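User: I would like to learn how to read a structure model feature by feature. Could you take me through one, giving the general idea before each case?

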Amino acid sequence: LVNRVVLHLVQAIRGKDSCFSSIERQSAGSYYERVKISEPNEFDIMLVMPVARIQLDESDDTGAYYYVKFKRSPQEKGWLKFLEEDGKLSAFKMLDALREIIKQEVKNIKDVEVTVARKKAGSPAITLQIKNPPSEISVDIILTLEAQQSWPLSTQDGLKIEQWLGKKVRRDLRFKSLYLVAKQNKREKVLRGNTWRISFSHIEKHMINNHGNSKTCCESDGPKCCRKGCLKLLKYLLEQLKMKYPKELEKFCSYHVKTAFLHSCVTWPSDSDWHLGDLDHCFQQCLRFFVDCLQKSQLTHFFIPQYNLLSLEDKARHHFLSRKISHELNNGFPVFHE
């Protein structure tokens, strides 16, 4: 159902605006990393647009948010309508144009009811709701620029996977394209909506699907490990706690536990650290690592070491979550049985 709707939209978008003519769909997120828990009712689809010769200027000190400019005037003149007067490429204008095309086009999708959800402030996604009785499927469409150029300086000391996946894999991954998603930087003095955030979802997907220290880990005839099982449990625990305490935990998302998980893979790099039968031990080990991060209010972005994903003004929230997780850890995870 999702594929049918997305295919229809991609074909329509390509035809409606020359800037979007080379758009390609790419699947991201937990469903495609095979770590989705509960029913598959949420999907992330990146609509990837190749861009040539862009210049990135940091918009703050995180090393994650950038202004994008073209180094020379784009050959496709349609891009000009998305530029600010200072030449910056406006994420806001592009998202708006894409949203309008999608809003018009969903009306033409036959035999399935698709609506576009209301804008969520600061979200890089255009969310579709697909009626699929008795429930509903939501699809986040994320506008993504793809640049064939080296990653920014802020990433130089990140991706510390030498001991886990090896130097060669790290080098190969760093040669992959740079992705930027239309994401509002809340730290901007004036919220203009023209910032882009680097995205590593394609790299994360690759690492999670090729997670072994030995190259045969979890292959059909290779030894199985519990890394994915741990990630699923981490995500499920956070999801359950968020349902229980929606207000207190609204700032936390699965990316926090995914990052803690990737750091855990580096801390315990060997496949023998993740025997399939040791799932409970490994899961608790990852959780203790995450609790430690919460208590210190310090969770380093996996690719951008200068960027702390836990902002210091939310200390009380971090402590709240660390107390709730510690309670679960010490009492046999009552939230799993509710």
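**Reading the model step by step**

Analyst: Let us begin with a single residue and its neighbours: leaving aside residues up to four places away in sequence, Ile161 touches Gly166, Val169, Arg170, Leu173, Met207, Val266 and Phe302. Please keep in mind throughout that this is a predicted model.

User: Where in the chain does Ile161 lie, and is it buried or exposed?

Analyst: The idea is to place a residue among the helices and strands and then to look at its relative accessible area, where under 20% counts as buried. Ile161 lies in the loop between β7 (135-147) and α3 (167-174), and with a relative accessible area of 0% this residue is buried. A further way to read such a position is to compare distance along the chain with distance in space: Ile161 and Pro269 are 108 residues apart along the chain, while their C-alpha atoms are separated by 8.4 Å.

User: What does the same reading give for Val335?

Analyst: Val335 lies in the segment after α8, and its relative accessible area of 3% makes it buried. Not counting residues up to four places away in sequence, Val335 touches Leu237, Gln240, Leu241, Lys244 and Glu328. For one of these, Leu237, the separation from Val335 is 98 residues in sequence and 7.7 Å in space, C-alpha to C-alpha.

User: Which residues have a positive phi although they are not glycines, and where are they found?

Analyst: Here one reads the backbone angle together with the place in the chain. Cys218 has a positive phi of about 65° without being a glycine, and it is found in the loop between α4 (201-209) and α5 (227-244). Ser297, likewise not a glycine, has a positive phi of about 55°, and its place is in the loop between α7 (279-296) and α8 (315-330). As for accessibility, Cys218 is partly exposed, with a relative accessible area of 30%, whereas Ser297 counts as buried at 0%.

User: How many helices and strands does the chain have, and how compact is it?

Analyst: The elements are counted, and the radius of gyration is then set against a rule for globules. The chain has eight helices and nine strands. Its radius of gyration is 21 Å, close to the 20 Å that the globule rule gives for 338 residues, so the chain is as compact as a globular protein of that length. Along its principal axes the C-alpha trace spans about 60 × 50 × 45 Å.

User: What share of the residues is buried, and what share of the contacts joins residues 24 or more positions apart?

Analyst: Of the 338 residues, 51% count as buried. Among contacts with a separation of 6 or more, 63% are accounted for by residues 24 or more positions apart.

User: Which domains does the assignment give, and how far apart are their centres?

Analyst: One reads the bounds, then the distance between centres, then the contact. The assignment gives domain 1 (1-200) and domain 2 (215-336), and the C-alpha centres of these domains lie 26 Å apart. Their contact takes 27 residues from domain 1 and 20 residues from domain 2.

User: What can be read from the surface and the charges?

Analyst: The accessible surface of the chain comes to about 16900 Å², and 50% of it belongs to carbon and sulfur atoms. For the charges, one compares mean positions: those of the 53 positive and 41 negative charges are 2 Å apart.

Terms used: Residues are numbered from 1 along each chain as its sequence is written. This is a predicted model: local features need pLDDT of at least 70, side-chain atom pairs count only at pLDDT 80 or more; totals for chains, interfaces and linings use all residues. Side-chain values use heavy atoms; hydrogens and water are left out. Helices (H or I, at least four residues) and strands (E, at least two) are DSSP runs, numbered from the N terminus. The radius of gyration is taken over C-alpha atoms; the globule rule is 2.2 Å times the number of residues to the power 0.38. Buried means under 20% relative accessible area, exposed over 50%, partly exposed in between (1.4 Å probe, protein chains only). Contact means heavy atoms within 4.5 Å. Accessible areas come from the Shrake-Rupley method with a 1.4 Å probe; for residues, only the protein chains shown count as cover. Lys and Arg count as positive and Asp and Glu as negative; His and the chain ends are not counted. The place of a charge is taken as NZ of Lys, CZ of Arg, CG of Asp or CD of Glu. Domain bounds come from an automatic or database domain assignment.
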